[in-house]
Amino acid sequence: MISAAIAPIYLLGFLGKYFDPVADSFRVKPPIRKMVNLSRDDLTSTRTSSPMESVFGEFDIILCRNVLIYFNKELQNQIMNKFLRSLAPGGYLVLGISEPLGNEVEHQFSVVNRKNRIYKKRMM
Ligand SMILES: C[S@@+](CC[C@H](N)C(=O)[O-])C[C@H]1O[C@@H](n2cnc3c(N)ncnc32)[C@H](O)[C@@H]1O
């Protein structure tokens, strides 16, 4: 049974392909969930140079919205360098609207969409 609150959205069709309706929300369908590894990472940690998962492969995309705004410039640069190391060449980085790349790494990225802070790591 689909809740009346989300029925209009669900009935649009495209959500049904990847999401199951659950109460007043949606849950990613099991076949998609099986492809996802969830883990915790402290972005400010100096003990890891990149999230553990990226030791086994580089990330194609990093979504990090509205997190950097809580850190000072030094930590922001440290985190941006971590992202740079963790991304595959040609990988995408998506930041929050008020979160710029910063001087230290900006030459390593091309701008995909400035307004929405979408960047692409240069191929080297
Ligand atoms: C304002 S919320 C943004 C959540 C989401 N990205 C969004 O745009 O709605 C800030 C998030 O930063 C996470 N965060 C804060 N400090 C962190 C750290 N040191 N390492 C990783 N994540 C952290 C918090 O857990 C929280 O989920």
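This is a guided tour of the structure, one selection at a time.

**The whole chain**

Begin with everything shown, and keep in mind that this is a predicted model, in which the protein averages a pLDDT of 86 and 85% of the residues score at least 70. If you colour by confidence, look for helix α1 (residues 7-11), where the mean is lowest at 64, and for strand β6, where it is highest at 97. Where pLDDT is low, the predicted coordinates should not be read in detail. Following the chain from the N terminus, you meet the elements in the order α-α-β-β-α-β-α-β-β-β, which gives 4 helices and 6 strands. Of the 124 residues, 10% count as buried, and among contacts between residues at least 6 apart in sequence, 50% join residues at least 24 apart.

**The sheet**

Next select β3, β4, β5 and β6, the 4 strands that form an open sheet with mixed pairing, in the order β3-β4-β6-β5. The edges are β3 (59-64) and β5, each of which pairs on one side only, and neighbouring strands of this sheet are turned by 20° against each other on average, direction ignored.

Start at the β3 edge, where β3 and β4 pair in the parallel sense over 5 bridges; showing C64 lets you find its bridge partner in β4, L95. Move on to strand β4 (residues 87-95) and its other partner, β6, with which it pairs in the antiparallel sense over 3 bridges, and there V94 stands opposite I118 of β6.

**Strand β6 and its hairpin**

Now keep strand β6 (residues 118-121) selected and show its side chains: which residues belong to its covered face, and which to the uncovered one? Y119 and K121 make up the covered face, while I118 and K120 make up the uncovered one. Add strand β5 (residues 109-113), which pairs with β6 in the antiparallel sense over 4 bridges, and notice that V111 stands opposite Y119.

These two strands, β5 and β6, form a hairpin with 4 residues between them. In the loop between β5 and β6, pick R117, whose phi is positive, about 55°, although R117 is not a glycine. R117 counts as partly exposed because 19 other C-beta atoms lie within 10 Å, whereas 20 or more would make a residue buried.

**The helix across the sheet**

Select helix α4 (residues 73-86), which lies across β3, β4 and β6 and runs at about 140° to β4. Within helix α4, highlight K82: is this residue buried or exposed? With 21 C-beta neighbours inside 10 Å, K82 counts as buried. From K82 you can draw a distance to L43, since the two C-alpha atoms are separated by 8.2 Å although the residues are 39 apart along the chain.

**Around the ligand**

L43 leads to the next selection, for the residues around the ligand are D42, L43, T44, R65, N66 and V67. Coloured by type, this shell divides into 2 nonpolar, 2 polar and 2 charged residues.

**A last loop**

Finish at A23, placed in the loop between β1 (19-22) and β2 (25-28). The phi of A23 is near 50°, a positive value in a residue other than glycine. A23 is exposed, because it has 11 other C-beta atoms within 10 Å, and 12 or fewer count as exposed.

Conventions. Residues are numbered from 1 along each chain as its sequence is written. This is a predicted model: local features need pLDDT of at least 70, side-chain atom pairs count only at pLDDT 80 or more; totals for chains, interfaces and linings use all residues. Two strands pair if DSSP finds at least two bridges between them. A residue is near a molecule or strand if its C-beta atom, placed from the backbone, lies within 6 Å of it. Ala, Val, Leu, Ile, Met, Phe, Trp, Tyr, Cys and Pro count as nonpolar, Asp, Glu, Lys and Arg as charged, and the others, Gly among them, as polar. Axes are lines fitted to C-alpha atoms, for helices over the stretch in contact, and angles run from 0 to 180 degrees between N-to-C directions. Two residues are in contact if their C-beta atoms, placed from the backbone, lie within 7 Å. pLDDT is the predictor's confidence in each residue, from 0 to 100.
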